[in-house]
Amino acid sequence: MTAEMFPKEKTIDLRKKHIGPSCKVFFSHDPIKIVRAKGQYMYDENGVRYLDCINNVAHVGHSHPMVVKAGAEQMELLNTNSRFLHDNLVQYAQRLQATLPEKLSVCYFVNSGSEANDLALRLAWEYTGHKDVITLDNAYHGHVSSLINISPYKFHQLANAEQSKSVHVALSPDLYRGNYRQDHPDPATAYADDVNNLIQKAHEKGHKVAAFIAESLQSCGGQVIPPAGYFQKVAQHVHQAGGLFIADEVQVGFGRVGTHFWAFQLQEDFVPDIVTMGKPIGNGHPMSCVVTTREVAEAFKNSGMEYFNTFGGNPVSCAIGLAVLDVIEKEDLQGNALRVGGYLMRLLEQQKEKHPLVGDIRGRGLFVGAELVRDRVKLTPATAEAQDIIYKLKEQHILLSADGPHRNVLKFKPPMCFSEEDADMVVEKIDQILTDIEKALGLQMPSTVHTENGSHKRNVQPEENGCHHSNGIGHSRDTSQHHASQQNKRLRP
């Protein structure tokens, strides 16, 4: 069975003719035509199988039969809007809330991460009566106008763009490349103080802060893991200023980090005021959600304007959302993320000890980044080398992306059924490619590496040690035990 209607060349021609030119494709010089997918694999029109290391939307695996069945069966019965009573809506809201802290109890269902974050801003503006928003450098929160304004990852790309006077950009809490690094005695406080300084500067200009918004783990910003305690300290400053804390879980929620269901829970004893979710929530079906407190929801209601979303919370979407939660639990995919993610981290740490181009390995669960640098002292980004790796992996039927402000962070966020065998295969290929690149560049591992922040590491032998993407767009040159459950086996074609 094939879903191909046209030869690949005609598909490309029709796309150029009818689809907006700013809508890019992966590997633009030789794009892949995908006609079907199953589990962690995607297949082109010739039946060639690609290992998918990047698709965090197909959270429980591409074309999962339980999710497909739930959507199809409900579609045969009814699909309508949320102004009619339907049990799927309230059942799903109840199930979703059970995964969250008790005070996050009110849901608004929408259709994309961008819609969710836009609504979160509206909630904050209405509740606080303030207008200003603090965001993190390199952040990406969505494609609608209100979110481009708070997404430095995007607005820095615009020629002659002026930053909105109501938007303030805080330092990304990056412990590898940021202002305060791993050798700093208290990076969480230092980065939180930067947020507080922005609040004070806003107050001096007569502005008031409505919200601080952050991805619980920065994704497009380069797989950045905030230091422990950072969110708690930021929330204290923001609350004192009368603002709310918005945690964007669109990329990293639903068990991906392994130890917790939500990535904000990595920050101990921290509860945001608003949580947004999307991408994995429907396993590829367009749906998303905003969850907040009763107090915030009541303030939004008291504005006098009804909130209605034509498709948000429809019975089909809720049936699919329920099925996704069922699969995560039934197949222990959060546990798999912990086990396989830890295994992947250890494999990559071995590559770091072996290859001078690998500057840093960081991540949680199946959300992992490998930052490539040409110089471990100056942290010179190895952007071209990252692109080479991605293209060469594509030639070997592995799909990986690079991101971050320098497009030099290899980015792993695969479907949650990703296995240790998959990790072995992709890291083995990366090892081979890095060896070839470093040989061509004449790079060798030094016995000791001193970084700019003053830290140093001994060269340990491997056995001692786990948005707009740069998936070749434009082809720029510039935790774990073996998990081979029957459920994961069933996800494989």
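On a 1 Å grid laid over the protein atoms alone, a pocket is an open set of points with protein on both sides within 12 Å along at least five of seven lines, and its lining residues have an atom within 4 Å of a point. The structure searched in this way is a predicted model, in which local features need pLDDT of at least 70 and side-chain atom pairs count only at pLDDT 80 or more, while totals for chains, interfaces and linings use all residues. Residues are numbered from 1 along each chain as its sequence is written, and side-chain values use heavy atoms, with hydrogens and water left out.

Confidence comes next. pLDDT is the predictor's confidence in each residue, on a scale from 0 to 100. Its mean over the chain is 90, and 89% of the residues reach 70 or more. Residues 453-466 are another story, with pLDDT below 50; beyond near neighbours in sequence, this stretch has 36 contacts in the model, a contact being heavy atoms within 4.5 Å. The pLDDT also stays under 50 over residues 468-493, which have 82 contacts beyond four places in sequence.

Back to the pockets. The second largest one holds about 570 Å³ of space, where a volume is the space filled by probe spheres set on the grid points, joined across faces, edges and corners. Its lining counts 21 residues, and Ser82, Val106, Cys107, Tyr108 and Tyr307 lie nearest the centre. Two or more lining residues come from each of α3 (87-97), β4 (106-110) and α9 (294-301); such helices (H or I, at least four residues) and strands (E, at least two) are DSSP runs, numbered from the N terminus. The biggest giver is α9, with five residues. Sorted by class, the lining has twelve nonpolar, four polar and five charged residues; here Ala, Val, Leu, Ile, Met, Phe, Trp, Tyr, Cys and Pro count as nonpolar, Asp, Glu, Lys and Arg as charged, and the others, Gly among them, as polar.

Helix α7 covers residues 187-204, and its 18 residues should span 26 Å at 1.5 Å a residue, which agrees with the 26 Å between its end C-alpha atoms. The expected span is 1.5 Å times one less than the number of residues. Among the buried residues of α7 are Pro187, Tyr191, Asp194, Leu198 and Ala202, where buried means under 20% relative accessible area, exposed over 50% and partly exposed in between, with a 1.4 Å probe and protein chains only. The buried residues of α7 pack against β5 (132-136), β6 (167-170), β7 (209-215) and α8 (230-240). Thr189, also in α7, is partly exposed at a relative accessible area of 22%. Its C-alpha atom is 9.7 Å from that of Gln232, 43 residues apart in sequence. Just after the helix, Gly206 takes a positive phi of about 80°.

Positive phi turns up elsewhere too. Most residues other than glycine have a negative phi. Asp269, however, has a phi near 60°; this residue sits in the loop between β8 (244-248) and β9 (274-277) and is exposed, at 74% relative accessibility. His397 has a positive phi of about 65°. It lies in the loop between α12 (383-395) and β14 (398-399) and is partly exposed at 33%.

Last comes Asp431, in helix α13 (residues 420-441). This residue is buried, with a relative accessible area of 15%, and touches Gln351, Lys354 and His355, not counting residues up to four places away in sequence. The C-alpha atoms of Asp431 and Lys352 are separated by 9.9 Å, although the two are 79 residues apart along the chain.

Technical notes. On a 1 Å grid over the protein atoms alone, a cavity is a set of points where a 1.4 Å probe fits but cannot get out, and a pocket is an open set with protein on both sides within 12 Å along at least five of seven lines; lining residues have an atom within 4 Å of a point.
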